[in-house]
Amino acid sequence: MDPRRERELMLTRRQLFGRAATGIGTAALASLLQSEGLSAPAAGLKPGQLGALGQPHFAPKAKRVIYLHQSGGPSHIDLFDYKPKLSEAHGTELPASVRMGQRITGMTSGQKSFPCVQSIFKFAQHGKNGQWLSELLPHTAKIADEICIIKSMHTEAINHDPAITYIQTGSQQPGRPSLGSWLSYGIGSETQDLPAYIVLISLASNGANDQPLFGRLWGSGFLPSIHQGVKLRSTGDPVLYLSNPPGIDSASRRRLLDGVSKLNHLTASSFGDPEVNTRIGQYEMAYRMQTSVPELMDLSKEPASTFERYGPESRKPGTFAANCLLARRLMERGVRFVQLYHRGWDQHGNLPPMIKSQCKDTDQPSAALVQDLKERGLLDETLVLWGGEFGRTVYSQGALTKDNYGRDHHGRCYSMWMAGGGIKGGITHGETDDYCYNIVKDPVHVHDLNATLLHCLGIDHTKLTYKYQGRDFRLTDVEGNVVKAILA
């Protein structure tokens with residue numbers, strides 16, 4: 001049956017007038033409240049409003065998040081997890097008692113030998129508490145007292161797509177909402193002129209940019225599409241179709257949007273589809289972004305000292321350094337969640353020169369971002385994360401030589417760091433064995449990390465849910481524990 005006809009048959013004349021009167025009053029009240037930021041329907045969320053929760057479950061330490069995702073899996077053994085005893089095992093076979101039958105990827109399953117490899121790079125202690133960091137991270141060493149290094153991260157996934165999907169959405173299977181979408185849905189936006197969730201993608205200077213990044217990683221899944229991430233491009237229009245086409249000025253576009261809005265409102269009132277309200281909101285956001293985005297992307301007013309801090313590449317659009325600077329500017333403008341993706345960490349072979357290049361791209365800008373936020377009084381309310389989807393193996397992939405080696409995927413343990421809102425600085429959490437292969441103290445699962453992140457934003461991860469296909473879903477699925485030891 002035609003759904004419109006079915007709706008008409010289901011309503012009596014009395015019900016029609018009764019519901020219409022109630023609807024008009026509700027709409028009028030909502031309009032008044034929304035102008036003051038006091039009302040927030042989750043499905044038709046408008047910028048500047050609270051999300052589905054209405055307010056956080058408890059007082060938040062952080063208001064916003066910058067997630068510096070290092071796609072491909074940085075080698076924790078060469079960056080954060082110093083293992084001096086590996087020098088004794090270097091070149092020898094990985095003991096079966098350490099591997100414990102762990103499955104390995106198809107890329108090394110054919111190897112007859114699995115020789116252990118100590119890092120070729122030197123480590124030193126930094127900060128008041130003596131954080132161990134590789135010589136590849138001289139700038140990160142300067143913020144040792146601001147960061148918490150988690151050395152006991154672990155995941156079940158051993159291949160890129162399920163692993164990155166897992167840490168970004170809480171599931172190895174595609175289709176779930178991303179972390180930024182959950183935040184947009186749960187606690188809404190702080191700005192009228194920019195989306196709550198923005199994505200920036202940088203290119204590795206060494207050309208290792210073949211690691212795919214799918215749009216579903218910042219998608220809204222089954223949440224209303226207003227909560228999906230908006231990708232800012234580094235070439236052309238920052239957002240597709242943001243500029244007016246030839247022959248269309250701002251006044252003409254405004255008249256066009258007003259006409260389309262009337263048609264969309266008629267459709268919304270007839271069918272009640274929340275996606276129609278989403279479309280209306282997106283058109284209006286795009287109109288406001290015609291002013292806010294060019295101002296955001298214009299770095300001409302940034303002093304020379306800023307570019308010196310973030311590094312020479314910060315003047316080049318699309319680089320990790322330039323995107324870190326943009327992330328700080330987005331925080332200043334009230335964007336809730338900024339996701340940076342930097343590819344090139346998948347170093348199965350030729351690791352030493354490749355990881356040097358990656359750290360040259362990312363070390364200085366990452367540290368500069370934390371320092372910049374702190375000096376501007378934003379770090380206390382901004383949570384910064386740095387890390388990938390898994391780590392690398394202690395054994396060499398391919399031939400092991402005096403000055404070269406590779407490492408395969410390793411999800412049983414790896415390292416990430418966090419800084420800012422709600423996190424203790426200058427500490428190390430978790431511990432791995434002497435082979436940097438298994439966790440021996442304070443494991444932190446992907447779900448635990450996400451539960452802790454939500455906690456810093458004042459959200460009980462078990463209570464931020466969305467009913468879909470008859471089931472209540474959440475970011476942490478049915479698992480996850482807040483890592484209280486790292487909370488400030």
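**Aromatic contacts and a cavity**

Phe 222 is buried (under 20% relative accessible area with a 1.4 Å probe, protein chains only; exposed is over 50%, partly exposed in between), with a relative accessible area of 12%. The model is predicted: local features need pLDDT of at least 70 and side-chain atom pairs pLDDT 80 or more, whereas totals for chains, interfaces and linings use all residues. Residues are numbered from 1 along each chain as its sequence is written, and side-chain values use heavy atoms, without hydrogens and water.

The protein chain contains 14 helices and 17 strands, which are DSSP runs numbered from the N terminus (helices H or I, at least four residues; strands E, at least two). Of its 488 residues, 52% are buried.

In total, 15 aromatic pairs are found in the structure. Rings of Phe, Tyr and Trp (its six-membered ring) pair if their centres lie within 6.5 Å; planes under 30 degrees apart are stacked, over 60 edge-to-face, and the rest tilted. One of the pairs joins Trp 182 and Phe 222 in an edge-to-face arrangement, with 6.4 Å between the centres and 80° between the planes. This pair links distant parts of the chain: Trp 182 belongs to helix H8 (residues 179-187), while Phe 222, 40 residues apart from Trp 182, lies in the loop between strand E5 (197-202) and strand E6 (230-232). Trp 182 also counts as buried, at 1% relative accessibility.

Both residues belong to a cluster linked by ring pairs, in which Tyr 185, Tyr 466, Tyr 468 and Phe 473 also take part. Arg 471 lies over the face of Phe 473, at 4.3 Å from the ring centre. A charge sits over a ring if NZ of Lys or CZ of Arg is within 6 Å of the ring centre and within 35 degrees of the ring normal. The charged end of Arg 315 is placed over the ring of Phe 307, 4.0 Å from its centre.

A search of the whole structure gives one cavity of 30 Å³ or more, a cavity being a set of points on a 1 Å grid where a 1.4 Å probe fits but cannot get out. The largest cavity has a volume (the space filled by probe spheres set on the points, joined across faces, edges and corners) of about 40 Å³. Its lining residues (an atom within 4 Å of a point) are Phe 80, Leu 137, Thr 140, Thr 362, Asp 363, Ser 366, Trp 386 and Trp 417. Helix H13 (residues 351-375) supplies the largest share of this lining, three residues.

Note on methods
On a 1 Å grid over the protein atoms alone, a cavity is a set of points where a 1.4 Å probe fits but cannot get out, and a pocket is an open set with protein on both sides within 12 Å along at least five of seven lines; lining residues have an atom within 4 Å of a point.
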